[in-house]
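Welcome! Here is a set of short exercises to help you find your way around a new structure. Try each task yourself before you read its solution.

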Amino acid sequence: MTPQSLELTGIGKGFGQTEVLRGIDLTVRPGEFLSLVGMSGCGKSTLLRIIAGLETPDRGTVSIGGADVTGADPSDRNLAMVFQSYALYPHMSVRENIATPLRMRRLSGWARLPLVGRMIAGRAALDDIDAAVEAAAGVLEIGALLERRPAELSGGQRQRVALARALVRDPAAFLMDEPLSNLDAKLRAHMRAELSALHRRLGATFVYVTHDQIEAMTMSDRIALMIEGRIEQLGTPDDLYRAPATLRVARFIGQPSINLLPVEIGPAGRLSLFGLEIGLAAALSGGAETTGPATLGLRPEDLHLRADGLPAKVLRVETHGADRYVSCVLPRAPELALTLRQSATDPLGADADGVLRLGFVAGRAHLFGADGQRRTLHVLERVAA
Amino acid sequence: MARLRHYLPHLVLALGAAAMLLPFYWMVLTSIRSPSEIFDVSLWPVPKTFSGGENYAQAASSVPMARFMLNGLIVCGGILAVQVLTSVPAAYALAKLRFPGRRIMLALVIAALCVPVQALALPLFVGLARAQLLNTYFAMMAPFFLSVFAIFLFHQSFRSYPDEIIEAARMDGFSEMEICWRLVLRGSLPSLAAFAVFSVVAHWNDLYWPMIVINKTELAPPPLGMLFFSDAETGANYGALMAGATIITAPIVLCFLLARRHFIAGITMTGVK
């Protein structure tokens, strides 16, 4: 099946008093790997279940490849879903598990009955299914496990069986609900690479739900970051990291988190930090609230040592192999913790009292207005940092 | 002291088991004793004169014992089959589907557990009599076709079935009935075995309801048959009576032992996660 697009328009959903989704518009392109990312409770799983047809939206429409499927049964949408718990049928062998989606689609109700079904189904149909199962098992390298029961498999093996069961039906799109969260860290990293490879190999549309930004950043073509039932930003992983549209996106994406400093937008948009101009200016768009308090965001890797920079006292140093994360506080504002990322081979650069002097890469700073929206920054002529 | 602590629970349990088993032991013992020995209080297992042959022969020949057993089989089998057919979908709907009024329905099921069958006996009897259905197998089975106990038991067991498997099945194209019977019930076989034992034992041993709706010997299930047997001229022959009781108890004990093996298999199966 050629990969299909998915379009969601104006999706709204509430459970009782709580609004879980507040108007979601989203188009997933054919063959795209799109991640829905957000904290638990942001509505990402509900949105996936609405696409799957397991929940009905209160408002809005879902279409697959241009056809409206809003009211259609899950089985009529030709989507495959991989669940967090893998949801394998416990009493069936791996072979039967993988064959089930095909048996349900290709065989009549009578032919699916135990024992007598074999006689009704016909040799050719059953052989086709067997061949498809073998092929799917081959792709995921689980050919040797076909006669086992799910209870006899490790977590990683169950994961592969769940993926094989999804891809055997050759669906319009794959939906994945936190499929890696039950695996240990090492296996998770391995499966990330395998999922990416599988996506490239199949060229299919993937919608992937996760709360883990690393999974989203490493595998996705695009990420939809969801906060409180809305899509806060939709873009490539680079977009979200390098140009977060709002303060909330900036806070969510990036590990360690972005450093946020309170700044003041003065006349002509000049920014000042603790009363000192820092060589940056906000673009003045002519709106009402163009000056006043704002937030400056600096990624840990965009901070560096600078002889005439701001003094900061080192609190803690964490070395992660090649990198080193230095947490420090500004004596001017002790409640603000900053994280600086250094190469572990560089000297720490602190003096005898444990004080560093920090500067930042002006061109990579992010400015957010009091409303949390991103604002354009200009780098001025060099002024003291 | 430690040894005592180790064996004490076994001792207590053994005493309890002995108390439970004593009537059965006495029944079997009486069934092989001669009439002169019947009122002996001794529990010595070897009788002075072995009369088992005569007692069992008399029990088997003076009443149609095979017919009673067949009746019991038909009644218990029919009740169990319809109970499972009705209670499994009901329990599945209550446990796993969302629909308005679900909580109230569940509360009604639990409330219905509190109604004893005796309270309904009169209206049921009148209804069956009006419908000309007295002295039929149907009259013996019908009041038990809907078992709220079964609904409750299956509901408790189905509730723990993982929702994600049900959702995966919906996406794969299973109908709700297929999900209910082929997946969810399949995952609750130990409950089914447990319920089957409860149901079969209860209705095999039931004397009350058959006595109300049946007065023909050829329709009597085993306990009612025994009553006819003791009414007959053999009434005072306790040896033969106990032989008959042993014969009708044996299938239930066998049935329980078979299901017990199934219980253990079921429990170890679900234990492996």
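The exercises below go from a whole chain to helix pairs, a chain contact and single residues, all in a predicted model.

**Exercise 1. Get an overview of chain A.**

Task: Find how many helices and strands chain A has, and what share of its residues is buried.

Solution:
- Step 1. Start with the elements: chain A has nine helices and 21 strands.
- Step 2. Look at the extent: the C-alpha atoms fill a box of roughly 85 × 45 × 35 Å along the principal axes.
- Step 3. Turn to burial: of the 385 residues in chain A, 37% are buried.
- Step 4. Finish with contacts: among those between residues at least 6 apart in sequence, 65% join residues at least 24 apart.

**Exercise 2. Describe a helix pair in chain A.**

Task: Work out how α2(A) and α4(A) are placed relative to each other, and which residues make the contact.

Solution:
- Step 1. Recall what is needed: the angle between the axes and the distance between them describe two packed helices.
- Step 2. Helix α2 of chain A covers residues 94-106 and helix α4 of chain A covers residues 123-139; their axes come within 9 Å and cross at roughly 135°.
- Step 3. Because of that angle, α2(A) is oblique to α4(A).
- Step 4. The crossing of α2(A) past α4(A) is right-handed.
- Step 5. On the α2(A) side, the contact uses R95(A), I98(A), A99(A), L102(A), R103(A) and R106(A). On the α4(A) side, A125(A), I129(A), A132(A), V133(A), A136(A) and A137(A) take part.
- Step 6. Sorted by class, the contact of α2(A) with α4(A) has nine nonpolar, no polar and three charged residues.

**Exercise 3. Look at where the chains touch.**

Task: Find which element of chain A gives the most residues to the side that touches chain B.

Solution:
- Step 1. The contact takes 17 residues from chain A and 14 residues from chain B.
- Step 2. In chain A, the elements giving two or more residues to this side are β6 (79-82) and α2.
- Step 3. The most comes from α2(A), with four residues.
- Step 4. By class, this side of chain A has 12 nonpolar, four polar and one charged residues.

**Exercise 4. Follow a helix of chain B.**

Task: Describe α7(B): its span, its buried residues and how α4(B) packs with it.

Solution:
- Step 1. Helix α7 of chain B (residues 148-159) has 12 residues and reaches 16 Å from first C-alpha to last, close to the 16 Å expected at 1.5 Å a residue.
- Step 2. Its buried residues are A150(B), I151(B), F154(B), H155(B), S157(B) and F158(B).
- Step 3. The cover over these buried residues includes α3 (65-96), α4 (102-112), α9 (176-184) and α10 (189-204) of chain B.
- Step 4. Take α4(B): it packs with α7(B) at an angle of about 125°, with the axes 8 Å apart. The two helices are therefore oblique to each other.
- Step 5. The crossing of α4(B) past α7(B) is left-handed.
- Step 6. The contact joins V109(B), I110(B) and A112(B) of α4(B) to V148(B), I151(B) and F152(B) of α7(B). These residues divide into six nonpolar, no polar and no charged.

**Exercise 5. Spot unusual backbone features.**

Task: Find where the positive phi values of F274(A) and Q132(B) lie, and which peptide bond is cis.

Solution:
- Step 1. Keep the background in mind: most residues other than glycine have a negative phi, and most peptide bonds are trans.
- Step 2. F274(A) has a phi near 50° and is in the loop between β12 (270-273) and β13 of chain A.
- Step 3. Q132(B) has a positive phi of about 60° and is in the loop between α5 (117-130) and α6 (137-141) of chain B. Q132(B) counts as exposed because it has 8 C-beta neighbours inside 10 Å.
- Step 4. The bond from Q255(A) to P256(A) is cis, with omega near 0°. P256(A) lies in the loop between α9 (247-252) and β11 (259-265) of chain A.

**Exercise 6. Decide on burial.**

Task: Is P150(A) buried or exposed?

Solution:
- Step 1. P150(A) sits in the loop between α4 and α5 (155-167) of chain A.
- Step 2. P150(A) has 21 C-beta neighbours inside 10 Å, so it counts as buried.
- Step 3. Leaving aside neighbours within four places in sequence, P150(A) is in contact with L88(A), P90(A), R158(A) and V161(A).

Methods. Residues numbered from 1 in each chain as written. Chains lettered and ligands numbered in written order. Predicted model: local features only at pLDDT ≥ 70, side-chain atom pairs only at ≥ 80, totals over all residues. Axes fitted to C-alpha atoms, helices over the stretch in contact; angles between N-to-C directions. Parallel < 35°, antiparallel > 145°, perpendicular 65-115°, else oblique. Left-handed = near helix turned anticlockwise from the far one by under 90°. Contact = placed C-beta atoms within 7 Å. Nonpolar A, V, L, I, M, F, W, Y, C, P; charged D, E, K, R; others polar. Expected span 1.5 Å × (residues − 1). Buried ≥ 20, exposed ≤ 12 C-beta atoms within 10 Å, placed from the backbone.
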